[in-house]
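Colleague: I have a model open and want to learn how to read its ligand site. Can we walk through it together?

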Amino acid sequence: MLHRPRRNRKSEPIRRMVQETRVETDNLIYPLFLTEGSGLQVPIKSMPGIFRLSPDAALREIEECLALGLKVFAPFPHIEDSLKDKFASESWREDNLYLRTIRLIKERFPEAVLITDVAMDPYSSDGHDGLVENGEIINDATLEILAKMAIAQAQAGSDILGPSDMMDGRVQYIREMLDNQGFTNVSIMSYTAKYASAFYGPFRDALDSAPRSGDKKTYQMDPANAREALLEATLDAAEGADFLMVKPALAYLDIIRLLKDNFDLPIAAYNVSGEYAMIKAAAANGWIDGERAMKECLLSIRRAGATAILTYFAKEFARLQANK
Ligand code: PBG
């Protein structure tokens with residue numbers, strides 16, 4: 001035999017030497033769930049190890065993460081039903097939970113990077129990402145609302161805006177609005193190829209944000225489509241996005257690769273709540289080794305072409321790296 005590929009696997013140092021892909025804590029973004037109150041750390045049943053945090057608890061969590069070398073956070077707000085309305089008007093009220101906490105975090109930890117969520121669903125009494133009229137999601141009227149949220153978040157100190165709504169034209173609309181108001185340094189990480197997925201269930205438990213009627217199929221993408229992701233990416237790139245995101249990650253590794261091969265912008269992937277829950281549930285039952293499964297999944301997302309990964313495993317991974 002002239003070729004024995006096993007020779008390159010014969011010892012740990014050689015295996016490490018030829019390793020093509022690595023995951024570093026630097027690649028990870030940690031989503032956080034915020035809730036009103038103080039001293040609160042409310043467990044989310046479908047996401048073991050993840051909590052809704054009151055602002056003070058979020059500060060403590062961020063302090064711990066920074067000490068582990070984890071520096072990028074994606075907060076999402078859990079909003080009481082009584083504050084939700086058709087127009088998500090709570091979302092741009094200057095002293096709301098979200099904006100207040102963003103300011104608090106950036107004051108205490110200017111080195112923490114915040115990617116903030118631009119979409120109506122946490123604040124919408126309809127539980128949709130856009131404005132609903134007669135059962136229909138109205139694209140262009142939603143853009144105005146998203147832009148108000150975007151400006152309010154930029155004013156609060158957000159580093160990167162993450163429009164997660166999938167309305168047409170929102171990246172350019174938000175970019176122009178930001179630039180007009182002098183926020184030329186605020187970036188946009190666009191949720192470019194966001195699919196209508198069953199894997200968002202636990203997130204909607206966390207935020208209590210499930211659609212009150214219908215589904216999200218008129219704006220989130222059909223899981224059957226890959227070419228459509230290219231179209232979305234072409235538009236987002238032309239509209240001024242700084243990052244292109246694919247979501248979910250694990251069932252869409254081909255889409256991550258497709259965007260990586262066709263675009264020069266950094267690719268992010270969202271390892272979503274349902275993907276986290278599956279591993280946690282199987283591990284809790286003793287059916288898989290949770291730690292190894294986590295590492296393998298994160299590695300696969302990087303191998304597929306993602307530069308950055310939003311993942312609920314971020315802190316757990318960072319702790320393992322820090323203690324190595
Ligand atoms: C919607 C949004 C979703 C997630 C974050 N923002 C999906 C949805 O509810 O449709 C899901 C994230 C996850 O599942 O971890 N703006």
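**Reading the ligand site**

Modeller: Start with a contact. A polar side-chain atom of Gln220 lies 2.9 Å from an oxygen atom of the ligand. That fits a polar contact, a pair of N or O atoms within 3.5 Å. Before going on: this is a predicted model, where local features need pLDDT of at least 70, side-chain atom pairs count only at pLDDT 80 or more, and totals for chains, interfaces and linings use all residues. Residues are numbered from 1 along each chain as its sequence is written, and side-chain values use heavy atoms, with hydrogens and water left out.

Colleague: Which side chains have a polar atom close to a nitrogen atom of the ligand, at 3.3 Å and 3.4 Å?

Modeller: Lys194, at 3.3 Å, and Lys247, at 3.4 Å. The protein covers 100% of the ligand's own 410 Å² of accessible area (Shrake-Rupley method, 1.4 Å probe).

Colleague: Which residues around the ligand come nearest?

Modeller: A residue is near if one of its heavy atoms lies within 4 Å. There are 16 around the ligand, and Arg204, Lys216, Lys247, Ser273 and Tyr312 come nearest.

Colleague: What classes make up the shell around the ligand?

Modeller: Seven residues are nonpolar, three polar and six charged. Here Gly counts as polar, and Tyr and Cys as nonpolar.

Colleague: How many disulfides does a search of the whole structure find?

Modeller: A disulfide is a pair of cysteine sulfur atoms within 2.5 Å. The search finds zero.

Colleague: Is Cys65 buried or exposed?

Modeller: Buried means under 20% relative accessible area, exposed over 50%, partly exposed in between (1.4 Å probe, protein chains only). Cys65 is buried, at 0%. Cys297 is buried too, at 19%.

Note on methods. Polar contact = N/O pair within 3.5 Å; in protein donor to acceptor, adjacent residues only side chain to side chain.
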